[in-house]
Amino acid sequence: MAGTPIFFENHDQIRCVNRYFPEGTDKQKAAKAMATILFTLRGTPFIYEGQELGMANTAFARIEDYNDISTHGQYQLALDEGFAPAEALRLVQDHSRDNARTPMQWTTAPQAGFTTGTPWLPVHDDYPQCCAEGEEADADSVLQYYRRIQAERFNGEAAAILQQGRYEELLADDERIYAFKRILDDQATLTLVNFTNETIEYDASLTDGATVLLGSYGAPEAGRLRPAEAVVYRL
């Protein structure tokens, strides 16, 4: 079980910040929340290209900009059913596999520093704000958060729990919060993640006597999670 792969993105899936969170969610907060789950679940975490930057879905303005054969097929089906070209394009934008196939965003240079030529797909237009170069220099970036949560899993005070502990789900009936423990002998961690755009309250006794290992917002408040907030406690 310890070797079971844990992943939220690959070249056939849309970006996880779009897939798992409602429209309008702050993409940086959503990306940090997904990183928190990835590195505190039981199993081996896998990161897909650009996920560690919080890369999100794109929306190309022309069907010609898409390479994915299924996207072109779905676009044609929509046209055949009577949708106008603009409507058909809108229908395929959210679910195209090309959302996860845009070039890696390295710098603020043209083509996101990926190439001096013409890439197979257009670069996402948010690359000046979402690129490795910028996030390297920003202590609060998604990239730096990934580094912190990765260090916590492999070298932190709860590393043994996060690598070897069993999994126990909590609050299973609450569709807004994903909550689970990792338990190793008499030690445990608690992960809490809010998947909504609202502040959510939960039973504060879950964190009685706990200390904070990591939080996506900074200092958390017991019994309350802010929009897309993720917190890991040591119990």
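**A pocket and a sheet**

In this predicted model, the residues that line the largest pocket divide into 6 nonpolar, 5 polar and 4 charged. The volume of this largest pocket is about 300 Å³, and of the 15 residues in its lining, those closest to the centre are Asn18, Glu23, Lys27, Asn57 and Asp94. If you look for the elements that give two or more residues to the lining of the largest pocket, you will find helix H1, residues 16-19, and helix H4, residues 85-93.

From the pocket we can turn to the sheet, which is built from 5 strands and is open, with the strands placed in the order S3-S4-S5-S9-S7 and paired in the antiparallel sense. At its edges lie strand S3, residues 166-170, and strand S7, residues 211-215, each of which pairs on one side only. On average, neighbouring strands of this sheet are turned by 20° against each other, when direction is ignored.

One pairing in the sheet can be followed down to a pair of residues: strand S5, which covers residues 187-194, and strand S9, which covers residues 230-234, are joined in the antiparallel sense over 5 bridges, and Thr189 has Arg234 in S9 as its bridge partner. The sheet also has a helix packed on it, namely helix H6 (residues 142-155), which touches strand S4 (177-184) as well as S7 and S9. When the direction of helix H6 is set against that of S7, the two make an angle of about 140°.

Key: Residues numbered from 1 in each chain as written. Predicted model: local features only at pLDDT ≥ 70, side-chain atom pairs only at ≥ 80, totals over all residues. Heavy atoms only, no water. 1 Å grid on protein atoms, 1.4 Å probe; cavity = no way out; pocket = protein on both sides within 12 Å on 5 of 7 lines; lining within 4 Å. Points joined across faces, edges and corners; volume = space filled by probe spheres on them. Helix = DSSP H or I, 4+ residues; strand = E, 2+ residues; numbered from the N terminus. Nonpolar A, V, L, I, M, F, W, Y, C, P; charged D, E, K, R; others polar. Pairing = 2+ DSSP bridges. Axes fitted to C-alpha atoms, helices over the stretch in contact; angles between N-to-C directions. Contact = heavy atoms within 4.5 Å.
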